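Reader: I'm new to reading protein structures, and I'd like to go through one slowly. Could you put it up so that we can talk it over?

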Amino acid sequence: EYMDLMFDVNPLMPALLGIDSERPGLEDLGEEAEQRQWRALTDIVTRAKAIDPARLTGESRTTRDVLIAAAQARLESLDAKTLEFCVSDGFQAPATGLLMLLPMTPVGTAGQARAQLDRLRASPDHLDAAAERHRIGIDAGRPDRDPEPVTTIIRPVNSSLFRRSSILKMFFRLESTSDDVLVKLWAPAGA
């Protein structure tokens, strides 16, 4: 249930891992989606904690503890609003994560190629949403510690994200008939 939730939250992950490589879409970076995720994670933690560990086998106790720790870590990240100030060269930042992970997503079938086209077309809006969440965080004074180093980095990053998303939007204004051509380029013969 936890993994299903995490894969629903970020459909790129099951595609990247080859678990559901034809799943289209990207993570919804909006505040409402974050609140839905928070409620679902809180429910999972509450139910997992209600299970008496003494009644479980050693392996199941470990699974319960790992589930609680993972879900609580994600809740802490949501509570801290890290999306609003996370800028890095790693996967955890929304913009760099997307730009690093998309090229790693396997595309070997027509279905995978169509899903990848969907993700590529959604990328400009995803980058816009990341920049908007950064703006919301800055306007709200987050993080609550000295924001100057963060805002000094985020403002230029947002400017760059908006420029890149505009370029990507022009590039991805593809006609639907172009899909077949792109799918044939990506997918092996007979797929």
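Author: What follows is a conversation about this structure, which is a predicted model.

Reader: Let's start with the basics: how many helices and how many strands are there in the secondary structure of the protein?

Author: The secondary structure comes to eight helices and zero strands, and reading along the sequence therefore gives the pattern α-α-α-α-α-α-α-α. The protein has 191 residues, and 37% of them count as buried.

Reader: And what about contacts between residues at least 6 apart in sequence, how many of those join residues at least 24 apart?

Author: Among those contacts, 68% join residues at least 24 apart in sequence.

Reader: OK, now the start of the chain. Which residues in α1 are buried?

Author: In α1, the buried residues are Y2, L5, M6, F7 and V9, and what covers them includes α2, α3 and α4.

Reader: You mentioned α3 there, so at what angle do α1 and α3 pack?

Author: The angle between α1 and α3 is about 170°, and their axes are 11 Å apart. That angle makes α1 roughly antiparallel to α3. On the α1 side the contact is made by Y2, L5, M6 and V9, and on the α3 side by Q37, A40, L41 and I44.

Reader: How do the residues of that contact of α1 with α3 divide, into nonpolar, polar and charged?

Author: The contact of α1 with α3 has seven nonpolar residues, one polar residue and no charged residue.

Reader: Is there a general reason for residues three or four places apart to point the same way, and what is it?

Author: An α-helix has 3.6 residues a turn, so residues three or four places apart point the same way.

Reader: Let me jump to another pair: how are α5 and α6 arranged to each other?

Author: Helix α5, residues 94–101, and helix α6, residues 110–139, pack at an angle of about 160° with their axes 9 Å apart. The two helices, α5 and α6, are therefore roughly antiparallel to each other.

Reader: Which residues meet there, between α5 and α6?

Author: From α5 these are P94, A95 and L98, which meet S123, H126, L127 and A130 in α6. By class, the residues of this contact divide into five nonpolar, two polar and no charged.

Reader: A130 caught my eye, so how far apart are E84 and A130 in space?

Author: E84 and A130 are 7.8 Å apart in space, C-alpha to C-alpha, although 46 residues separate them in sequence. E84 sits in the loop between α4 and α5.

Reader: Does E84 count as buried or exposed, and why?

Author: E84 counts as buried, because its relative accessibility is 1%.

Reader: What else is in the loop between α4 and α5?

Author: K81 is also placed in the loop between α4 and α5, and K81 counts as partly exposed because its relative accessibility is 21%. The phi of K81 is positive, about 60°, although K81 is not a glycine. As background, most residues other than glycine have a negative phi.

Reader: Last topic, the largest pocket: what volume does it have, and how many residues line it?

Author: The largest pocket has a volume of about 700 Å³. Its lining consists of 30 residues, and those nearest its centre are N10, E27, L29, R74 and Q92. The elements that give two or more residues to this lining are α1, α2, α3, α4 and α5.

Reader: And by class, what is in the lining of that largest pocket?

Author: The lining of the largest pocket has 16 nonpolar, eight polar and six charged residues.

Note on methods:
Residues numbered from 1 in each chain as written. Predicted model: local features only at pLDDT ≥ 70, side-chain atom pairs only at ≥ 80, totals over all residues. Heavy atoms only, no water. Axes fitted to C-alpha atoms, helices over the stretch in contact; angles between N-to-C directions. Helix = DSSP H or I, 4+ residues; strand = E, 2+ residues; numbered from the N terminus. Parallel < 35°, antiparallel > 145°, perpendicular 65-115°, else oblique. Contact = heavy atoms within 4.5 Å. Nonpolar A, V, L, I, M, F, W, Y, C, P; charged D, E, K, R; others polar. 1 Å grid on protein atoms, 1.4 Å probe; cavity = no way out; pocket = protein on both sides within 12 Å on 5 of 7 lines; lining within 4 Å. Points joined across faces, edges and corners; volume = space filled by probe spheres on them. Buried < 20%, exposed > 50% of the residue type's maximum accessible area, 1.4 Å probe, protein only.
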